[in-house]
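Opening the notebook on a new chain today. I want the overall picture before I go into any one helix.

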Amino acid sequence: MTEEKKIIFSGMQPSGLITLGNYLGALNNWTKLQNDYHCLYCIVDMHAITVRQDPIKLRKQAKELLLQYLAVGLDPEKNIIYYQSHVPQHAELAWILNCYTYMGELNRMTQFKEKSLSHADNINAGLFTYPVLMAADILLYQTDLVPVGEDQRQHLELARDIANRFNGVYGEVFKIPEGYIGKVGARVMALQEPTKKMSKSDENKNNTIALLDEPNVIMNKIKRAMTDSDNEVRYSDEKPGIKNLLNIYCAVTGVSIESAEKEFTHAGYGVFKKAVGEAVVAKLQPIQQKVKELEKNQDYIDTVIKEGAEKAGKMAYKTLQKVQKKVGFPTRVR
């Protein structure tokens, strides 16, 4: 008897351009999971509106993110790829879970504190209860494993606490998810500020390389990347700019840090940066080409969107139906 594949859930917000850091740190690893796990990859557009969005821009970015999911190699035949807003069970379960989450737990969420500071004019209830919707995202699919970085670990712990609390009252309704610690992806730092992580929400676009940046834009951004004055290509915490560029170069070429250091021992920063830029361009060009091909095939994209929502909806309905029965809601007549 074949062992049933474990379920993995993950998602990204469509609020900003996907960066090289997102690709090397997460998306590239997702493609390696699709043969061994039953994966759901969501475009979390409901989470995105906790911050004011331009509706036209949000729709455009959601589609761009979907195309990039497909272009990097996520196969809709092997994975469930869908828009969060197309599966209403996310919102329905989130409301129920709100009633099993304590204010004190939400008050402790560090991301709420950080976002409240950066969006002081719009500290809304959705921003406060955002982690409950995230818990619903995960628990809705009886998820086994959730790939998480340090910034999301607190939210996963809350999801586990809510699930355990609910199960304690009603029996084994939710599977308790675990964090997925896979192969560590490259940690890509901001080009101009190499002591902080590259982020798609960074307002300084010279800090980031977007997956869809034109080759000349990529070359110029890397050319302007912060380094230091000693002109020595060496991997060291004392040289954060060079360390970051070496990490990028090795991640996109597959060579080791030691080999790269030897390759550029006498090269100087100009030659080194040119090589890094060319390597990044070569890595991203097939993805960019695939996006352009997908843009011309709207019928296929519509099919992916429709079938993804249907598959996710069927899984989600099973869990939601069980939860609604447990809390005492009348049975729906279908």
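These are my notes, going from the whole chain down to one helix.

**Entry 1, what kind of model.** I noted up front that this is a predicted model. I looked up the secondary structure and found 13 helices and 5 strands in the protein chain.

**Entry 2, dimensions.** I checked the radius of gyration against the globule rule. A compact globule of 334 residues would come out near 20 Å, and the protein chain has 22 Å, so the two agree. I also looked at the C-alpha trace, which spans about 75 × 45 × 45 Å along its principal axes.

**Entry 3, inside and outside.** How much of the protein chain is buried? I got 49% of the 334 residues. For the outside, I have an accessible surface of about 17,000 Å², and carbon and sulfur atoms hold 52% of that.

**Entry 4, contacts.** I took the contacts with a separation of 6 or more and asked what share links residues 24 or more positions apart; the share is 75%.

**Entry 5, charges.** I counted 44 positive and 40 negative side chains in the protein chain. The centres of these two sets sit 3 Å apart.

**Entry 6, helix H9.** I picked H9, residues 215-223, and listed its buried residues: Ile218, Lys221 and Ile222. Why do they lie on the same side of H9? They cover an arc of only 95 degrees around the axis, so they share a side. I then looked up what covers the buried residues of H9, and the cover includes helix H10 (240-253) and helix H12 (269-295). I logged the lysine too, since Lys221 is on the buried list along with Ile218 and Ile222.

Terms used:
Residues are numbered from 1 along each chain as its sequence is written. This is a predicted model: local features need pLDDT of at least 70, side-chain atom pairs count only at pLDDT 80 or more; totals for chains, interfaces and linings use all residues. Side-chain values use heavy atoms; hydrogens and water are left out. Helices (H or I, at least four residues) and strands (E, at least two) are DSSP runs, numbered from the N terminus. The radius of gyration is taken over C-alpha atoms; the globule rule is 2.2 Å times the number of residues to the power 0.38. Buried means under 20% relative accessible area, exposed over 50%, partly exposed in between (1.4 Å probe, protein chains only). Contact means heavy atoms within 4.5 Å. Accessible areas come from the Shrake-Rupley method with a 1.4 Å probe; for residues, only the protein chains shown count as cover. Lys and Arg count as positive and Asp and Glu as negative; His and the chain ends are not counted. The place of a charge is taken as NZ of Lys, CZ of Arg, CG of Asp or CD of Glu. The arc is that of the directions from the helix axis to the C-beta atoms.
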